[in-house]
Amino acid sequence: MFHTIVQCVLFCATVYLYRTWQNRRTWQLLGRLPGPLNFPLIGSMYVIPGRDTSRYLQTLVDLTATYGSPYCIWLGPVPVVIVSTADHARTILNSPATVEKASFYRFTPLHGIFSLPAYKWRAHRKMIQPTFNQSILRGFIPLFEEKAEVMVRALGEMVETGHAFDIYRFTARCTLDMIFATTLGTDMHIQECSTCGYLDVLEELFEIVTIRAVNIFLHPQWLYRWTSVYRNEQKALEEFCRPSKAILYEKEASLASAESGGNQFSLIDQLKSSTLDNEAIEQELNTIIFAGNETSAMTVANTILLLAMHPEVQEKLHHELRAQFGSVVENVRYETLNRLTYMEMVLKESLRLLPIAAVIGRRTTEEIDLGEYRLPADIDVVIDIFDIHRNPTYWGPDADRFRPERFETLQYDRFALLPFSGGPRNCVGLRYAWLSMKIMLLKVLTRFHIETDLRLEDLTTKIALTMKISNGHMVRLKRRK
């Protein structure tokens, strides 16, 4: 028994020394960076608050406040460099050495354009980019307006109760309805269904993804498969993939019966005419459905809640909408939406204070200079967007306040505001998101006055790939006269 233990210890020591020798350049460069103490086997994992995703963001804020930018944290033997300045973000997002997405994205179910290797991403981006050109987006406006009207009618029923409710449940169903009816070319009437299993599992699924990403012991697939977390993930994945399978089936059925949507644009038709197989098409659809739904729905819900907290901003925005549209908002025009300058400021300020992605990740493919430091190849780099967005250096001493007027005069560094990432791998659906969000907001604000008992300092957040408000977007509505 004693000999067996000695052999195991010697084996582990040999492996450790071999890895030290093999990665000596990486360890030498990373050793110059500040960061929490790194212990054998566990690295710096002792600073991670287990599976409590409600504490992840505060942990990140505390680490950034302590160590600055950049710093290195070790998840077991895996190093992760975290940056939190606009200059460092610019370098990482623009460099050809960091076009690859971080390795932890492999744990997400988003295996399309969001996380593809660079050589595949370029081809897929070129294929999908035309979906979001200006002429196609202009054609989507009547559908955006129609779906936003359905949402407003549903919200009207909540007025009668007089009770506070989570408005995200309504914005999420609306944006999901929009993405099907517009980009995917198939109206699924999501808002008219009594339940939506897809939306029910999103938070659980991406919370699992986040927990796995920061826990090195859940990285090996052979080990992960034995956990209860894996079984929960599989159940959630089945529901997550259901919409893409349903819409592909719907398209194939309509083709088989010689039905077509006339001249209506459909990304699915475009993907099917490419060289992609059905599995790759389904993966792209999963990505487009999630990205087109989650970002816009959460931003609109966040903005509505912030407007409820700040009635003076709400009334100023309502005044702009009345000036542009009058008392009745219908037949919205693209040019009119572009004239909503204060609404743009409100949305930017909402995305600054409550970014949908608190962090994003890239991976180095070669050594890269970052200020006075040099980062090694083959490591993950995380951009701490949340702290960049609240840095007084870029946003002034009131960086933690909701004040849209700052965008009237402030000439800000565009890498200090990263709600849709930046560089060549920025969000492909940026203009789509702006149009859909503006239409949803103007429909809600011209019909209702919004109130809430919550204050900005009351909000608690958690990370489930995206940043979510744990205590909900609780508002009350009153009809405007």
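In this predicted model, the chain contains 20 helices and 12 strands. Its radius of gyration is 24 Å, close to the 23 Å that the globule rule gives for 481 residues, so the chain is as compact as a globular protein of that length. Measured out along the principal axes, the C-alpha trace spans about 80 × 60 × 40 Å.

## Overall character

Of the 481 residues, 56% count as buried. Among contacts between residues at least 6 apart in sequence, 75% join residues at least 24 apart. The accessible surface of the chain comes to about 22,000 Å², and carbon and sulfur atoms account for 55% of that area. As to charge, the chain carries 53 positive and 53 negative side chains, and the centres of these two sets lie 3 Å apart.

## The nonpolar core

The largest nonpolar core has 162 residues, and F206 and I383 are those with the most contacts inside it. Helix α13, residues 278-309, gives the most to this core, with 16 residues. Leaving aside residues up to four places away in sequence, I383 touches V83, A89, I92, L93, A358, V359, I360, I388 and L418.

## Helix α5 and the loop before it

Helix α5 covers residues 118-128, and its buried residues are A118, W121, H124, R125, M127 and I128. The cover over these buried residues includes β3 (100-101), α12 (267-272) and α13.

The loop between β3 and α5 holds I113. This residue, I113, has a relative accessible area of 10% and is therefore buried, the limit for that class being under 20%. Which residues does I113 touch, not counting residues up to four places away in sequence? They are W121, H124, R125, I128, E284, T287 and R425. Of the residues just named, W121, H124, R125 and I128 also belong to the buried residues of α5. I113 and T466 are 353 residues apart in sequence, while their C-alpha atoms are 17 Å apart in space.

## A buried loop residue

T182 lies in the loop between α7 (168-181) and α8 (197-214). Is T182 buried or exposed? Its relative accessibility is 0%, so T182 counts as buried. The C-alpha atoms of T182 and N471 are separated by 32 Å, and the two residues are 289 residues apart along the chain.

## Backbone geometry

Most residues other than glycine have a negative phi, and most peptide bonds are trans. The table lists residues of this chain that depart from these patterns.

| Residue | Backbone feature | Location |
|---|---|---|
| P70 | cis peptide bond with S69, omega about -5° | loop between α3 (56-67) and β1 (71-75) |
| N331 | positive phi, near 50° | loop between α14 (311-325) and α15 (334-338) |
| L465 | positive phi, about 65° | loop between β10 (461-464) and β11 (466-469) |

The residues with positive phi can also be described by their accessibility. N331 has a relative accessible area of 63% and is therefore exposed, a class that begins over 50%. L465, by contrast, is buried, because its relative accessible area of 18% falls under 20%.

Terms used
Residues numbered from 1 in each chain as written. Predicted model: local features only at pLDDT ≥ 70, side-chain atom pairs only at ≥ 80, totals over all residues. Heavy atoms only, no water. Helix = DSSP H or I, 4+ residues; strand = E, 2+ residues; numbered from the N terminus. Rg over C-alpha atoms; globule rule 2.2 N^0.38 Å. Buried < 20%, exposed > 50% of the residue type's maximum accessible area, 1.4 Å probe, protein only. Contact = heavy atoms within 4.5 Å. Areas by Shrake-Rupley, 256 points an atom, 1.4 Å probe, with all protein chains shown as cover. Lys, Arg positive; Asp, Glu negative; His and termini not counted. Charge placed at Lys NZ, Arg CZ, Asp CG, Glu CD. Core = buried A, V, L, I, M, F, W, Y, C linked by side-chain atoms within 4.5 Å.
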